[in-house]
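Subject: Structure for your files

Hello,

Here is the structure I said I would pass on. Please look it over alongside the notes underneath.

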Amino acid sequence: MNVNSNVAMVAALVSEASRAAILTALLDGRFHPASELAHMAGITPQTASFHLNKMVDANIVTVQKQGRHRYYGIRNQEIAQVLESLLSIAPPAQIKSLRQSSEDKAIRLARTCYDHLAGNLGVQLTESLITMGVLYEDENEFRVTHQGKEFFTSFQINLQEVKRRRRSLSHKCLDWTERRHHLAGALGNAILEKLFELKWIERLSNTRAIKITPNGKKGLKEIFSIDVIQN
């Protein structure tokens with residue numbers, strides 16, 4: 001039997017607590033400097049740089065250089081999907097403060113899962129698209145219906161352009177907080193970017209939680225029949 005022992009090396013890398021914290025922070029799909037990731041992981045910048053270099057060497061994390069500055073991000077969607085799957089089977093983090101409780105609620109309501117929408121909003125949006133007849137669900141992916149093609153045209157998403165991206169179109173991603181699937185892939189990314197463009201959602205600093213704007217609440221209700229309740 002041909003066994004790839006490198007699996008153990010990758011597992012060891014992501015099992016260390018500080019590296020796991022850094023990778024979870026990077027699931028927002030953005031690039032961050034080591035100092036910022038150190039703050040989010042609760043470690044020193046030197047320790048963060050040490051861990052980041054190990055993950056760059058293992059091709060889990062990639063680095064972009066701008067002058068003397070370095071910015072780190074998860075290498076690709078496939079790695080992000082594996083990390084999100086690991087979160088779905090991990091026990092929930094222990095809440096020890098009011099701040100942690102507020103952050104946890106925000107993450108569970110709406111967040112980025114690398115480059116698409118996740119959390120309660122991501123799952124609700126996916127289920128709404130199915131109910132509207134825009135998508136239907138296969139075993140491993142969502143598929144766009146003829147009615148769905150018309151919907152995306154009216155929603156100003158160029159489906160042909162989205163299909164030309166060199167990645168899966170609409171695969172299913174298991175949401176670790178909702179324990180249900182949300183829409184990922186190129187189409188999931190296109191919807192996320194459209195919601196940003198419409199200013200229905202906004203990014204928050206130092207977190208992958210997403211803020212839903214007043215216009216977003218109105219638009220989500222009118223088009224997708226989603227009632228957003230934010231505490």
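The notes below cover the cores, some buried residues, a surface patch and the salt bridges. Please keep in mind that this is a predicted model.

Nonpolar cores

The largest nonpolar core is made up of 32 residues. Phe 152, Ile 191 and Phe 224 have the most contacts inside it. At least two core residues come from each of the following: α7 (119-131), β6 (142-144), α8 (146-154), α9 (159-163), α10 (185-197), β10 (210-212) and α11 (214-224). The biggest contribution is that of α10, which gives seven residues.

For Phe 224, the contacts beyond four places in sequence are Leu 125, Ser 128, Leu 129, Met 132, Phe 151, Phe 155, Trp 200 and Gly 219. There is also a second core, separate from the one above, with 29 residues. Among its members are Ile 22, Leu 23, Ala 41 and Tyr 114.

Three buried residues

Leu 192 belongs to helix α10. Its relative accessible area is 1%, so Leu 192 is buried. Setting aside residues up to four places away in sequence, Leu 192 touches Thr 112, Asp 115, His 116, Leu 117 and Ile 201. If you want a distance to check, the C-alpha atoms of Leu 192 and Arg 164 are 17 Å apart, with the two positions 28 residues apart in sequence numbering.

Thr 126 sits in helix α7. With a relative accessibility of 3%, Thr 126 counts as buried because the cut-off for that class is under 20%. What does the side chain of Thr 126 have at 2.9 Å from one of its polar atoms? The answer is the backbone oxygen of Gly 122. Outside its neighbours within four places in sequence, Thr 126 is in contact with Phe 142, His 181, His 182 and Leu 183.

Arg 208 is a charged residue to look at in the same way. Its position is in the loop between β9 (201-203) and β10. Arg 208 has 5% relative accessibility and therefore counts as buried. Its side chain reaches the backbone oxygen of Thr 112 at 2.8 Å. The contacts of Arg 208, leaving out neighbours within four places in sequence, are Thr 24, Leu 27, Asp 28, Glu 84, Leu 87, Ile 107, Ala 110, Arg 111, Thr 112, Cys 113 and Trp 176. Thr 112 thus appears in the contact list of Arg 208 and also in that of Leu 192.

Surface patch

Val 82, Leu 86 and Ile 89 make a nonpolar surface patch of about 300 Å². Leu 86 is in helix α5 (residues 77-89). At 40% relative accessibility, Leu 86 is classed as partly exposed.

Salt bridges

How many salt bridges does the structure hold? There are eleven. As background, side chains of opposite charge can pair when their charged atoms come close.

Arg 108 and Asp 104 form one of them, with 2.9 Å between the closest N and O atoms. Both residues are in helix α6 (residues 98-109), and because they are four residues apart, about one helical turn separates them. Arg 108 is partly exposed at 29% relative accessibility, and Asp 104 is partly exposed with a relative accessible area of 23%.

Asp 175 and Arg 111 form another, also with an N to O distance of 2.9 Å. This pair links distant parts of the chain, its members being 64 residues apart. Asp 175 is in the loop between β7 (172-174) and β8 (181-183), whereas Arg 111 is in strand β3 (residues 111-113). Are the two residues buried or exposed? Both Asp 175 and Arg 111 are buried. Arg 111 is also among the contacts of Arg 208.

A further salt bridge joins the side chains of Lys 221 and Asp 227, at 3.2 Å from N to O. Lys 221 is partly exposed, at a relative accessible area of 42%. Asp 227 is likewise partly exposed, at 48%. Finally, Glu 127, Glu 178 and Arg 180 are joined into one network through salt bridges that share partners.

Regards

Conventions
Residues numbered from 1 in each chain as written. Predicted model: local features only at pLDDT ≥ 70, side-chain atom pairs only at ≥ 80, totals over all residues. Heavy atoms only, no water. Core = buried A, V, L, I, M, F, W, Y, C linked by side-chain atoms within 4.5 Å. Buried < 20%, exposed > 50% of the residue type's maximum accessible area, 1.4 Å probe, protein only. Contact = heavy atoms within 4.5 Å. Polar contact = N/O pair within 3.5 Å; in protein donor to acceptor, adjacent residues only side chain to side chain. Patch = residues over 30% accessible without salt bridge, like charges linked within 9 Å, V, L, I, M, F, W, Y side chains within 5 Å. Areas by Shrake-Rupley, 256 points an atom, 1.4 Å probe, with all protein chains shown as cover. Salt bridge = Lys/Arg side-chain N within 4 Å of Asp/Glu carboxyl O.
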